[in-house]
Amino acid sequence: MITLHHLRIGRSIFTVWLLEEVGVEYQLRVYQRNPETMRAPPELKQVHPLGKSPVIEDEGLLLSESVAITSYVLQKYDADNEFSPSPDSLQEWAHYMQWLVYPEASVFAPLLLKMLTLRSGEEHSVISPFSDGEIELHFNHIAAQLGQRSFILGERLTGADFGITYVISMAERLGLLGNYPTLAAYLQNMRARDAFQRAVANAVE
Ligand SMILES: N[C@@H](CCC(=O)N[C@@H](CS)C(=O)NCC(=O)O)C(=O)O
């Protein structure tokens with residue numbers, strides 16, 4: 001059984017959702033952030049040197065990085081490629097990989113900068129225009145890709161949707177979705193899924 005080290009509130013709820021969608025048996029170890037610093041508690045460093053979440057343990061494997069965890073879970077537990085294209089169709093698979101890594105590799109950084117400047121209580125002359133411009137660029141890109149699609153790659157949920165949902169939900173928390181009805185509707189649809197609801201109920205998110 002997979003053990004998921006789940007830190008509230010953050011990315012790891014999307015890993016719980018992944019495990020629910022795929023139907024993998026798991027147990028949660030739940031951690032709370034320090035309410036003043038908002039950082040993870042030191043116990044997480046006893047699990048993994050970085051002290052971040054999500055981290056999973058599965059049959060002796062200790063794995064961090066949400067995208068690696070998604071890929072591992074699907075490789076091991078989604079033998080029929082229900083949630084990802086088969087590598088046999090190389091171009092489809094490459095396109096999937098692009099959307100799988102994109103949220104964490106490109107979208108998260110400007111959102112983090114925005115979150116930190118908002119938390120500081122004042123705009124920054126260099127950082128604020130950069131993060132605002134990048135967020136607009138990326139959100140228009142995601143909205144254009146979504147278009148009329150139900151999911152980021154078409155009409156079925158894939159591994160790429162978990163990270164996309166994460167960055168959109170982070171933007172919602174920062175109050176940034178006002179100009180992006182396509183993203184808001186997508187987020188609402190992902191949250192309405194039974195597996196998402198089960199994840200939230202299990203993780204007491
Ligand atoms: N790139 C990593 C980022 C992991 C990460 O930074 N997780 C956050 C939670 S969303 C965390 O543990 N933050 C607590 C801290 O750094 O103290 C991933 O995708 O898993």
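In the predicted model, four strands form an open sheet with mixed pairing, in the order E2-E1-E3-E4. The edge positions are taken by strand E2 (26-32) and strand E4 (61-64); each has a single partner strand, so one side of each is left without a neighbour in the sheet. Direction ignored, neighbouring strands are turned against each other by 20° on average.

Strand E1 (residues 2-8) runs antiparallel to strand E3 (residues 55-58), and the two are joined by three bridges. Within this pair, Leu4 has Ile56 of E3 as its bridge partner. E3 also pairs with E4, again in the antiparallel sense, over four bridges; here Val55 is matched with Ser64 of E4. The hairpin of E3 and E4 has two residues between the strands, and Glu59 in this hairpin adopts a positive phi near 50°.

Further backbone features occur in the loops. Met38, in the loop between E2 and H2, has a positive phi of about 65° although it is not a glycine. Two cis peptide bonds are described here. One joins Arg8 and Ile9, with omega about -10°, and Ile9 belongs to the loop between E1 and H1. The other runs from Ser53 to Pro54, with omega near 5°; Pro54 is part of the loop between helix H2 (43-47) and E3.

Pro54 is also one of the residues that surround the ligand. The shell further includes Leu7, Gly10 and Arg11, together with Arg39 and Ala40. Lys52 and Ser53 belong to the shell as well, as do Glu65, Ser66 and Glu104. Ser53 and Pro54 of the shell are thus the two residues linked by the second cis peptide bond. By class, the shell around the ligand consists of five charged, three polar and three nonpolar residues.

Two helix pairs were examined. Helix H1 (residues 12-22) packs against helix H8 (residues 194-203) with the axes 8 Å apart and at an angle of about 125°. This angle makes H1 oblique to H8, and the crossing is right-handed. On the H1 side, the contact is made by Ile13, Val16, Trp17, Glu20 and Glu21. H8 contributes Ala195, Phe196, Arg198, Ala199, Val200, Asn202 and Ala203. The residues of this contact comprise eight nonpolar, one polar and three charged.

In the second pair, the axes of helix H4 (residues 90-120) and helix H5 (residues 127-146) come within 9 Å and cross at roughly 140°. H4 is therefore oblique to H5. The crossing of these two helices is left-handed. The residues of H4 in the contact are Ser106, Val107, Pro110, Leu111, Leu113, Lys114 and Thr117, and those of H5 are Ile127, Ser128, Ser131, Glu134, Ile135 and His138. Six nonpolar, five polar and two charged residues make up the contact of H4 with H5.

Note on methods. Residues are numbered from 1 along each chain as its sequence is written. This is a predicted model: local features need pLDDT of at least 70, side-chain atom pairs count only at pLDDT 80 or more; totals for chains, interfaces and linings use all residues. A residue is near a molecule or strand if its C-beta atom, placed from the backbone, lies within 6 Å of it. Ala, Val, Leu, Ile, Met, Phe, Trp, Tyr, Cys and Pro count as nonpolar, Asp, Glu, Lys and Arg as charged, and the others, Gly among them, as polar. Axes are lines fitted to C-alpha atoms, for helices over the stretch in contact, and angles run from 0 to 180 degrees between N-to-C directions. Angles under 35 degrees count as roughly parallel, over 145 as roughly antiparallel, 65 to 115 as roughly perpendicular and the rest as oblique. A crossing is left-handed if the near helix is turned anticlockwise from the far one by less than a right angle, and right-handed if clockwise. Two residues are in contact if their C-beta atoms, placed from the backbone, lie within 7 Å. Two strands pair if DSSP finds at least two bridges between them.
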